[in-house]
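Student: I've got a new model open and I'd like to learn how to read its pockets and its sheet. Can we go through it together?

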Amino acid sequence: LAVHYPPLAEQQKIAEILATCDRVIELKQQLLEEKQRQKRAYLQKMLPQNGYNVPEWRLPGFNAPWKSKKLGELVTFYSGLTYSPEDVVSEGTLVLRSSNVKDGEIVDADNVYVNPTSVNSENVQIGDIIVVVRNGSRSLIGKHAEIKADMPNTVVGAFMAGIRSECPPFVNVLLSTPQFDTEVQKNLGATINQITGYMFSKMEFMVPEPAERVAIGEFFMAIDDIIALHQRELEQEKQKKKALMQLLLTGLVRVNV
């Protein structure tokens, strides 16, 4: 098998170009990780820790103590769609599964569509939070994302659950806390990686008055938007490098030296 190489000077130039891409990707990754660390720090400081009824940091204008509430008092749940392989089609109703939840956002990944005539569950709405409730991997249980845009003809799959509430951004914050992760792990069975709606409804969290819930939800929504922007920029840089490699390493585009 004959392999063609460009002249040494051109090889060095290509290596420099790709190394520059790597540096940009590394910087974007570091910036994303820093924003994610900041969010974790805010979650720790702005929600009460065990044994306390107020957080360490408060948003201006709020001073009332928080109260313990079961998740079932704050939200309603709906189940996902059970379907058979015969229901799967190339175009139809989108079924959101665990692969469609990444880094707290809804993504296109390994999408599955079913015949609309086989759908007997309700369509997702803006503000719904979809949660992975059953999966072969224990680490994926509890992975979630908020529906932030209109998604007509879209339902959640059988291993997912939908959560609907009056203040979705705040509920999304609760599900992003280490306390939620602890509650999930505590409720998982020894052999079946599954959280039921009943288990969810009994989980307890410290919750402020409604106005403070809204303010906290908006605060973290702004952070999530920044994180999502950095994630998109990082992915764009990775795709840019991939395209450059395809062009430069195949000789489709030559580098002037």
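**Pockets first**

Student: Which residues lie nearest the centre of the second largest pocket?

Tutor: The general trick is rolling a water-sized probe over the atoms to see where empty space is left. Here, 13 residues line that pocket, with Lys102, Asp103, Gln231, Arg232 and Glu235 nearest its centre. A pocket is an open set of points on a 1 Å grid over the protein atoms alone, where a 1.4 Å probe fits, with protein on both sides within 12 Å along at least five of seven lines; lining residues have an atom within 4 Å of a point. Mind that this is a predicted model: local features need pLDDT of at least 70, side-chain atom pairs 80 or more, while totals for chains, interfaces and linings use all residues. Numbering starts from 1 along each chain as written, and side-chain values use heavy atoms, without hydrogens or water.

Student: Which element gives the most to that lining?

Tutor: H6, with six residues. H1 and strand S6 (105-106) also give two or more. Helices (H or I, at least four residues) and strands (E, at least two) are DSSP runs numbered from the N terminus.

Student: And what lines the largest pocket?

Tutor: It has 38 lining residues, with Leu43, Leu175, Ser176, Thr177 and Asp181 nearest the centre. Helix H4 (178-187) is among the contributing elements and gives the largest share, six residues.

Student: Now, what is the strand order in the open sheet?

Tutor: Strands pair through backbone hydrogen bonds, parallel or antiparallel. This four-stranded sheet runs S3-S7-S4-S10 with mixed pairing, a pair needing at least two DSSP bridges. S3 (88-89) and S10 (154-156) are the edges. S4 (93-96) and S10 are parallel over three bridges, with Val95 opposite Val155.
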